[in-house]
Amino acid sequence: MYDYDVLVLGSGPGGQKAAIAAAKLGRRVAIIERRHMMGGVCINTGTIPSKTLREAVLYLTGLSQREMYGQSYRLKDDITVDDLTARTQHVIGREIDVVRSQLARNRIRLLTGTGSFTDPHTLRVLDDSGREQKVTGEKIVIAAGTRPARPASVEFDERTIIDSDGILNLQHVPQSLVVVGAGVIGIEYASMFAALGTKVTVVERRDRMLEFCDLEIIEALKYHLRDLSVTFRFSETVAAVEHHPRGAIAVLESGKRIAADVVMYSAGRQGMADQLALEVAGLSADARGRIKVDENFRTEVEHIYAVGDVIGFPALASTSMEQGRVAAHHACDEPVHAMHELQPIGIYTIPEISFVGRTEDELTESRVPFETGIARYRELARGQIIGDSYGMLKLLVSPDDRTLLGVHVFGTGATEIVHIGQAVMGCKGTIDYLVDTVFNYPTLSESYKVAALDAMNKMRSIDRLRA
């Protein structure tokens, strides 16, 4: 009756995993994707290129080695855009090959073009040459992703006024950069260009950045970025941007003017739902292009699912993958566990941040008592070896049963070692396990034992006074 059992719209992390999961369950599967966007935004303009760019910056600037060899240490004096993009393009190419190989191995049909609904079970696929074909699917998974949100009042010229996608197309490393918006993407790029020596100014209308993160961790990041000469303008709004032949001037509502070679807007992401003709399928999206789903990622139309950035928060590649897998299993009437509530957040600033669980502010607001345990990298042998004197790990511990309530890491390897805490929390473990465990030495993972002992000693001090 239908061309495919499962038809997936988009080949990003969510779409890939949905298609592969359905294929593994023996279903006939196809993915619709534009010719030059295999792997979605994640591989082409988002996660993969930005994180590769970060690695290139760290390597070429020698930033992570300056604790050892002095603040003037630098691997390459004149770093060009070509130096940065060579590594990026290599990784993107390899990742696209991996995705194509995975789809081919699982006999997933790739339909090249832009997809949109013509009825609840039918999608029109329009390719670059204008040719059109229609395909039907018994179940449909929307994984169309997002694009950078662009304020209507701003005139983007792709040279001096750009969005986060435009960063990858710069012709030269700017001497000065204004970043509008202190969200994850804005702060990641601000830290990368500051490391390159660009004079960076961050303008944010709220009074703090990354407000979902632990305040102590954010203060540590802010201190480090200021040390890289980043200027922060909180509680400020950009009223206008003036074009000039040699750059731009950001005019703030307070009257301040900031000159820069480039102004980058990081104003969040806009879902691609407006290009899918959702209404003919009986669906709708909100003003940000996000589609509403239930706990199984099913939309208001029973046979249509949506996963990834197009459904909104947390809009991470990691969570999108799991959403795709869960949605595919549910669509195929196969039993599957719901997504685990513990989902780590990784922010690839320089230095990086990662956390899982609750923050101090959340626990205090909920009147949940907690004790903190802290380990600083400068007190670890591995921290001294790698030259990271600023990193830290913080555990939030329940004094009642000694379980972990939150794990917050700042510094080298933060996005890697956070998973130790995540595993302990997921298994309902206590800090007793961390205290009694032998960790490899010297490692950054040893910070868990140090922090657990710190928290344990604080709780013992209270117990002694009560005795």
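This is a short talk on the cores, one annotated domain and one pocket of a protein model. The model is predicted.

I'll start with the inside. The largest nonpolar core has 50 residues. Which of them touch the most other members? They are Leu7 and Ile142. Several elements each give at least two residues to this core, among them strand 1 (4–9), strand 2 (29–33), helix 5 (81–105), strand 6 (132–142) and helix 8 (317–331). Helix 1 supplies the largest share, six residues.

Now take Ile142 by itself. Leaving aside residues up to four places away in sequence, Ile142 touches a list of residues that includes Leu9, Phe117, Leu276, Leu283, Ile291 and Val310. The run Ile304, Tyr305, Ala306 and Val307 is also on that list.

There is a second core, separate from that one, with 46 residues. Ile162, Val230, Ile345 and Phe355 belong to this second core.

Next, the annotation. An unreviewed UniProt entry marks residues 4–324 as "domain: FAD/NAD(P)-binding". In the model, that span is 29% helix and 26% strand, and its end C-alpha atoms lie 17 Å apart.

Last, a pocket. The second largest pocket has a volume of about 680 Å³. Its lining is made of 28 residues, and Leu63, Ser64, His224, Pro351 and Tyr390 are the closest to the centre. Which helix gives the largest share of this lining? Helix 7 does, with four residues. Helix 3 (47–61), helix 4 (66–69) and helix 11 (414–426) each supply at least two. By class, the lining of this pocket has 10 nonpolar, 10 polar and eight charged residues.

How values were computed
Residues are numbered from 1 along each chain as its sequence is written. This is a predicted model: local features need pLDDT of at least 70, side-chain atom pairs count only at pLDDT 80 or more; totals for chains, interfaces and linings use all residues. Side-chain values use heavy atoms; hydrogens and water are left out. A nonpolar core is a set of buried Ala, Val, Leu, Ile, Met, Phe, Trp, Tyr and Cys residues joined through side-chain atoms within 4.5 Å. Buried means under 20% relative accessible area, exposed over 50%, partly exposed in between (1.4 Å probe, protein chains only). Contact means heavy atoms within 4.5 Å. UniProt positions are given in the numbering used here, feature names are shortened, and annotations may be inferred rather than shown by experiment. On a 1 Å grid over the protein atoms alone, a cavity is a set of points where a 1.4 Å probe fits but cannot get out, and a pocket is an open set with protein on both sides within 12 Å along at least five of seven lines; lining residues have an atom within 4 Å of a point. Grid points are joined across faces, edges and corners, and a volume is the space filled by probe spheres set on the points. Ala, Val, Leu, Ile, Met, Phe, Trp, Tyr, Cys and Pro count as nonpolar, Asp, Glu, Lys and Arg as charged, and the others, Gly among them, as polar.
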